[in-house]
Amino acid sequence: MRYETQFVDLEAQYAAVVRGHVASTEELPEFLGSGFGEVINVLDKQGLHPTSAPFGRYRPTGDGGFDVEIGFPCSAVVEPEGRVVPAELPGGRVARVLHVGPYDDVGAAYEALMAWIIDEGCVATGEPWESYLDGPEVANPRTEVFVPCEKAHPVKR
């Protein structure tokens, strides 16, 4: 797949998230479904609303599992309730790419984006995240991948 990559400048966004650990990718669908549902219920209960698509961050833990943070950008700071806690998606310069296809194949988008960032003379400055523009019921869902970055500073010799 050929990926179209670009730099964009984003405003920081309030977010409401659920964090947890999954032992394998097979556990992700259940975690995502319940977690997104919890966030929506808490936002509704607190009179808040999502301001854009749901997102996820995944940190490999070395045991084959992942520490996961999923949620929604939202209209104001959420009050902690149950597993739902406040978070923030960072503002500033990010590299962005759109993946169209199965979620299992989104790793290729990360690889293409990281290679492009390096080719552009930049370095990642924060944790990546992905936003889900379509639900799992869509045959070829769209997933945006974001990586905070900046120009690399040349090494003085």
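## Close-ups of a predicted model

**View 1. Glu69, a buried acidic side chain.** Glu69 has just 2% relative accessibility, so it counts as buried. Keep in mind for this and every other view that the model is predicted. Glu69 belongs to strand β4, which covers residues 66-73. Where does its side chain find a polar partner? The side chains of Glu69 and Arg19 are joined by a polar contact of 2.7 Å.

**View 2. The company around Glu69.** Set aside the residues within four places in sequence, and Glu69 still has a good list of contacts, including Val17, Val18 and Arg19. Phe55, Gly56 and Arg57 are also in contact with Glu69, as are Arg59 and Ala87. Arg19 therefore turns up twice in the story of a residue that counts as buried at 2% relative accessibility.

**View 3. The largest nonpolar core.** How many residues make up the largest nonpolar core? It has 19, and Ala16, Val39, Leu43, Val68, Ile70, Val78 and Val84 are those with the most contacts inside it. Two or more residues come from each of β2 (13-22), α1 (28-45) and β4. The biggest giver is α1, with seven residues. As a rule, nonpolar side chains in soluble globular proteins tend to be buried together.

**View 4. Zooming in on Ala16.** Not counting residues up to four places away in sequence, Ala16 touches Val39, Leu43 and Ile70, among others. Gly71, Phe72 and Cys74 are on the list of Ala16 contacts too, and Val78, Val84 and Val85 complete it.

**View 5. A second core.** Separate from the one around Ala16, there is another core, this one of 12 residues. Among its members are Val106, Ala109, Val147 and Cys149.

**View 6. Stepping back to the whole chain.** Two helices and nine strands make up the secondary structure of the protein chain. Read from the N terminus, the elements go β-β-α-β-β-β-β-α-β-β-β. Of contacts between residues at least 6 apart in sequence, 72% link residues at least 24 apart. The C-alpha atoms fill a box of roughly 55 × 30 × 30 Å along the principal axes. The radius of gyration is 16 Å, which agrees with the value near 15 Å for a compact globule of 157 residues.

**View 7. The surface.** About 8800 Å² of the protein chain is accessible, and carbon and sulfur atoms account for 54% of that. As for the inside, 38% of the 157 residues count as buried.

Definitions and conventions. Residues are numbered from 1 along each chain as its sequence is written. This is a predicted model: local features need pLDDT of at least 70, side-chain atom pairs count only at pLDDT 80 or more; totals for chains, interfaces and linings use all residues. Side-chain values use heavy atoms; hydrogens and water are left out. Helices (H or I, at least four residues) and strands (E, at least two) are DSSP runs, numbered from the N terminus. Buried means under 20% relative accessible area, exposed over 50%, partly exposed in between (1.4 Å probe, protein chains only). A polar contact is a pair of N or O atoms within 3.5 Å; within protein, one must be able to donate a hydrogen and the other to accept it, and residues adjacent in sequence count only if both atoms are side-chain atoms. Contact means heavy atoms within 4.5 Å. A nonpolar core is a set of buried Ala, Val, Leu, Ile, Met, Phe, Trp, Tyr and Cys residues joined through side-chain atoms within 4.5 Å. The radius of gyration is taken over C-alpha atoms; the globule rule is 2.2 Å times the number of residues to the power 0.38. Accessible areas come from the Shrake-Rupley method with a 1.4 Å probe; for residues, only the protein chains shown count as cover.
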